[in-house]
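Here is a friendly walk through one structure, with a few residues and helix pairs picked out along the way. Have the sequence and the 3D view at hand as you read.

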Amino acid sequence: MARISLTPPRTLLNRLTAWYSRRTYGKVIDPLLAMGHNRRVLMTDARFEKSLARWNALDSGLKELAVMASAAAIGCSWCMDFGYWLSHNQGMAPDKLRDVPRWRSSDAYTPLERDVMEYAEAMSATPPAVEDDLAERLRRRLGEAAFVELTAMVAVENLRSRINSALGLTSQGFKDSCEIPARPGA
């Protein structure tokens, strides 16, 4: 249960934000409702997320796996739910999405994807537990610009996941809309 009301003041900004969220995601996402209690936080977050969307040095599939591995390590059910939906809509294989919480024992990932998820998990530990050889492998394979972007994206997901978890935000059912519905009578 959320630790803050998800009914922010009905300001023009909050109404516009709700309209945009419904149009983009099909519903108003809870983090926006929570941030709606603080105009400056909401505006800063919106500008920040818009800027992040333009980063393109790192392959988008690797970026999504890093974000989800970080969210899983922190235990943010809202971020896992929304991340599953986003990645599914970008065409990521369902087995890769399903196996993020158990990536170490899954056969769904390439060695590079495994390194990216290990890095995201190590960065998300408190204190961070990144080993030099893993960082060097990733830097060599991805290039410096993509490696910096990977590192920044994991840090961003730590910010998102920790805010959402601390505010008590839980999944909103985004993942459920990705599942293939059972056939009638099956």
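## Ala146, a buried residue in H9

Ala146 counts as buried, because its relative accessibility is 5% and the cut-off for buried is under 20%. You will find Ala146 in helix H9, which covers residues 144-166. Keep in mind as you look around that this is a predicted model.

Which residues does Ala146 contact, once neighbours within four places in sequence are left aside? They are Ala57 and Leu58. For a sense of scale, try Gly36 as a second point: Ala146 and Gly36 are 110 residues apart in sequence, and their C-alpha atoms are 33 Å apart in space.

## Ser161, further along H9

Helix H9 also holds Ser161. Is Ser161 buried or exposed? Ser161 is buried, since its relative accessible area is 0% and anything under 20% qualifies.

The side chain of Ser161 has a polar partner: it makes a polar contact with the side chain of Glu157, at 2.7 Å. If you set aside the neighbours within four places in sequence, Ser161 is in contact with Ala71, Ile74, Cys76 and Cys79.

## How H7 meets H9

Two packed helices are described by the angle between their axes and the distance between the axes. For H7 and H9, the angle is about 50° and the axes are 10 Å apart. That angle makes H7 oblique to H9, and the crossing of the two is right-handed.

On the H7 side, the contact is made by Val116, Tyr119, Ala120, Met123 and Ser124. On the H9 side, the residues are Phe147, Leu150, Thr151, Val154, Ala155, Asn158 and Arg162. Sorted by class, this contact of H7 with H9 has eight nonpolar, three polar and one charged residues.

## How H7 meets H8

Helix H7 (residues 111-124) also packs with helix H8 (residues 132-142): their axes come within 10 Å and cross at roughly 130°. H7 and H8 are therefore oblique to each other. What is the handedness of the crossing of H7 and H8? The crossing is left-handed.

H7 brings Pro111, Leu112, Asp115, Val116, Glu118 and Tyr119 to this contact, while H8 brings Leu134, Ala135, Arg137, Leu138, Arg141 and Leu142. By class, there are eight nonpolar, no polar and four charged residues in the contact of H7 with H8. Val116 and Tyr119 are worth selecting in your viewer: they take part in the contact of H7 with H8 and also in the contact of H7 with H9.

## A cis bond between H7 and H8

Now move to the loop between H7 and H8, where Pro127 is placed. The peptide bond from Thr126 to Pro127 is cis, with omega near -5°.

## How H3 meets H9

Helix H3 (residues 39-52) is another partner of H9: the axes of H3 and H9 come within 13 Å and cross at roughly 150°. Why are the two called roughly antiparallel? Angles over 145 degrees count as roughly antiparallel, and H3 and H9 cross at roughly 150°, so H3 and H9 are roughly antiparallel to each other. H3 passes H9 in a left-handed crossing.

Phe48, Glu49 and Leu52 make the contact from H3, and Met153, Val156, Leu159 and Arg160 make it from H9. The class count for the contact of H3 with H9 is five nonpolar, no polar and two charged residues.

## Towards the start of the chain

Ser21 sits in helix H1 (residues 12-25). With a relative accessible area of 0%, Ser21 is buried. Not counting residues up to four places away in sequence, Ser21 touches Gly26, Lys27, Val28, Ile29 and Leu32.

Ala2 belongs to the segment before H1. At 26% relative accessibility, Ala2 counts as partly exposed. Ala2 is in contact with Leu167, Gly168 and Leu169, leaving aside its neighbours within four places in sequence. One last pair to find in the 3D view is Ala2 and Phe174, which are 172 residues apart in sequence and 17 Å apart in space, C-alpha to C-alpha.

Notes. Residues numbered from 1 in each chain as written. Predicted model: local features only at pLDDT ≥ 70, side-chain atom pairs only at ≥ 80, totals over all residues. Heavy atoms only, no water. Axes fitted to C-alpha atoms, helices over the stretch in contact; angles between N-to-C directions. Helix = DSSP H or I, 4+ residues; strand = E, 2+ residues; numbered from the N terminus. Parallel < 35°, antiparallel > 145°, perpendicular 65-115°, else oblique. Left-handed = near helix turned anticlockwise from the far one by under 90°. Contact = heavy atoms within 4.5 Å. Nonpolar A, V, L, I, M, F, W, Y, C, P; charged D, E, K, R; others polar. Buried < 20%, exposed > 50% of the residue type's maximum accessible area, 1.4 Å probe, protein only. Polar contact = N/O pair within 3.5 Å; in protein donor to acceptor, adjacent residues only side chain to side chain.
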